[in-house]
Amino acid sequence: AKDVMLRDGSDLENKESLASRVWISYKEGVYDVTDFVSQHPGGEKLLIGAGGPIEPFWALYAVHKKPYVYDLLAEYRIGNLSKADIVVEDSDDPYGNEPSRHPVFNINNLKPFNAEPPLNVLADNFITPNELFYVRNHHPVPDIEPDEYELQIEGIGFEEPVSLTLSDLQQLEQHTVTAAIQCAGNRRADMLQHKPVRGMNWGGAAISNATWSGPKLCDLLKHLGWDEEKFPSVKHVWADGLDYGPDGTSYGASILIEKAMDPRQDVILALKMNGEELPRDHGYPVRLVAPGVVGARNVKWVGSITLSEEESHSHWQRRDYKGFNPSVDWHNVDFDDKYAVSIQNQPVTSMVCDPLDGASVQIVDNKIHLKGYAFSGAGAKIIRVDVTLDDGTTWHTAELQQDDSPLNRCWSWSIWEGDIPLPEGAKAGDEVKVTCCAIDSNYNRQPEKVKNIWNLRGCLSNSWHSISVNLK
Ligand code: MTE
Ligand code: MO
C-alpha cells in the first residue's frame with residue numbers, strides 16, 4: 001500500500017496534477033480520487049492532501065466531513081494502508097483566532113463558522129443587532145490591522161493597480177443604506193424536505209437586515225478618474241476577499257457593471273454596520289455591499305476590486321450559487337452550461353418566524369398573532385404579505401413594517417405582523433396550518449410548491465412557507 005501512496009505523492013510537482021492519478025488515504029483506506037475531484041464542486045480541495053492522509057486537510061474543511069462525503073468516497077476506494085503506515089497528523093488550528101460569538105446562535109458548522117439566530121429572535125428587530133446577524137464564512141476569519149490595510153483597484157482602465165488606505169476610503173462621501181443580506185441557501189431545509197440537496201442546512205434565518213455605511217463604489221471609481229464610457233468592454237466587477245483557504249485561494253465573486261456603476265443601485269464599500277465599525281465576522285475593515293444581490297456576492301474583507309470583461313473566475317462564481325432545472329442532478333450537472341447563470345438578484349420570499357413550527361399559540365378574540373419577514377431582490381419592495389390558516393380558502397393581509405424607500409429602490413426587508421382570524425370552528429386543542437406568501441412591487445409572488453423550484457444545491461428556496469401550530 002505504501003508504494004501506491006508514493007507513486008505520485010513522492011513527486012510534489014505531479015501530486016497536484018490531474019494528468020496522473022491522484023491518491024489520498026483516509027483512516028486505513030486508500031482512495032483514487034481523480035474522478036471525484038473533477039466531478040464534484042469543491043472536490044479540488046482534496047488535491048492539497050494528495051499522496052497522503054486527508055485528515056489534517058479535512059480539519060480545515062470541517063463542512064466536508066459529512067456522512068455523504070464518506071458515502072461518495074467509498075466507491076473510489078482501491079485498497080488499504082498497512083498498519084504501520086497509518087498516521088494521523090496533527091496540524092495547527094487555522095481557526096485558532098476566531099472572534100467570539102453570541103451564544104444564542106444555532107451553529108450549522110463551527111469551522112468555518114456558519115450560524116443563524118433562532119427565527120423568533122430574528123423577527124424581533126427590524127434592524128438586526130450586529131451580534132445576531134447570521135454568519136456565513138468559507139474560511140478562517142482574517143485578522144486585519146487597520147493601518148496595514150490596502151485596497152487594490154485594478155483591471156481594464158488601470159495600467160497599474162491603485163492602492164488605497166482605510167483613511168482614503170473614509171475621506172470619500174459616505175452613504176448609508178439599509179439592506180438585508182440573504183444567503184442563497186437560506187431556507188434550504190425546506191427544499192431538503194422534498195428531495196436531498198447538497199449544502200449547509202440553513203433554516204430560515206440566513207438573512208438579516210442592517211444599515212451599512214461607506215463610499216459608493218461608483219464614486220470611488222470616478223474619483224480615481226475611471227470613466228465607464230471609455231471602457232465599454234468592462235462587464236463585471238470582481239471583489240476578492242483577504243480570507244484564505246488552506247490551498248491559498250481567497251474567497252471571491254463578481255457583480256455586474258450596471259449594478260456597480262449606477263449611483264441609484266447603492267453599491268457601497270461598507271466601513272460601518274449599524275453605526276459601528278464592521279465586526280470581524282462581517283468583513284472588517286471593508287465589505288462590498290451590493291444590495292438586492294445574493295449574499296455570496298457581498299464580499300467581506302475586500303482586498304481587491306478588478307474591472308473585467310469576464311465574471312470572476314472564483315469557484316463560488318462559476319461552480320456554485322447557480323440554479324438548475326429540477327431534473328438536473330449530480331450525474332448530469334454542467335456548471336458551464338450556458339443556461340446555468342450565476343445568481344445575482346434574488347427572488348421574493350417570506351417566512352413565518354414567530355411562533356415557531358409546532359409551538360402552542362394563545363387564541364385572543366378568535367385570532368392568533370403571527371409575525372415574520374419578507375424580502376425581494378433587485379430593489380423590489382414588498383407590497384403585501386398574505387396569510388392563510390385554511391390552506392388557501394381564505395387569505396388575510398398582514399401589516400408591514402418597512403423603511404421609507406421607493407417601490408423600486410428598496411434594499412431592506414419588511415417585517416410583517418398580524419392578528420389573523422381563525423377558520424370557523426377552530427378551537428383550543430386544534431392544530432392549524434399557517435402559510436404565508438409575499439408579493440413584491442413587480443407583482444411577483446412566491447411559488448406555491450418547492451417541488452418545481454428544487455435544485456441540486458438547494459439555492460433560492462422561496463416557496464410559500466408553512467408551519468403548524470397548536471391552539472390554546
Ligand atoms: N466574503 C468572503 N470574503 N468570504 C466568505 O466566506 N461568504 C459569502 C459572503 N461574502 C463570504 C463572503 C456568503 S456565501 C454570504 S451568504 C455572505 O457573505 C454572508 O455574510 P454575513 O456573514 O455577513 O452574514
Ligand atoms: Mo451564502
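This is a short tour of a predicted model, stop by stop, with what to select and what you will find there.

Before you start, note that residues are numbered from 1 along each chain as its sequence is written, while chains are lettered from A and ligands numbered from 1 in the order in which they are written. Because the model is predicted, local features need pLDDT of at least 70 and side-chain atom pairs count only at pLDDT 80 or more, whereas totals for chains, interfaces and linings use all residues.

**Stop 1: a three-stranded sheet**

Select residues 23-26, strand E1, and residues 77-80, strand E3: these are the edge strands of an open sheet, each pairing on one side only. The sheet has 3 strands in the order E1-E2-E3, with antiparallel pairing. Strands here are DSSP runs of E, at least two residues in length, numbered from the N terminus, and two of them pair if DSSP finds at least two bridges between them. Neighbouring strands of this sheet are turned by 30° against each other on average, direction ignored; the angles, on a scale from 0 to 180 degrees, are taken between N-to-C directions of lines fitted to C-alpha atoms.

Now add residues 29-32, strand E2, which is joined to E3 by 3 bridges. Click on Val30 and look across to E3, where its bridge partner is Gly79.

**Stop 2: the surroundings of ligand 1**

Centre the view on ligand 1, which has 19 residues around it (C-beta atom, placed from the backbone, within 6 Å). His138, Cys183, Gly241, Tyr251 and Gly295 are the closest. Colour strand E6 (135-136) and strand E11 (236-244) as well, since each supplies at least two residues of this shell. By class, the shell holds 9 nonpolar, 7 polar and 3 charged residues, with Gly counted among the polar ones.

**Stop 3: strand E25 and its partners**

Next, select residues 431-440, strand E25. Strand E21 (residues 382-388) runs antiparallel to E25 and is joined to it by 6 bridges; look for Val385 opposite Ala438. E25 also pairs with strand E26 (residues 465-471), again antiparallel and over 6 bridges, and there Cys436 stands opposite His465.

**Stop 4: Ile439**

Stay in E25 and pick Ile439. Is this residue buried or exposed? Ile439 counts as buried because it has 20 C-beta neighbours inside 10 Å, and 20 or more is the cut-off for that class. Leaving aside residues up to four places away in sequence, Ile439 touches Ile383, Arg384 and Arg445 (C-beta atoms within 7 Å). To finish, draw a distance from Ile439 to Ser376: they are 63 residues apart along the chain, with their C-alpha atoms separated by 8.7 Å.

How values were computed
Helix = DSSP H or I, 4+ residues; strand = E, 2+ residues; numbered from the N terminus. Buried ≥ 20, exposed ≤ 12 C-beta atoms within 10 Å, placed from the backbone. Contact = placed C-beta atoms within 7 Å.
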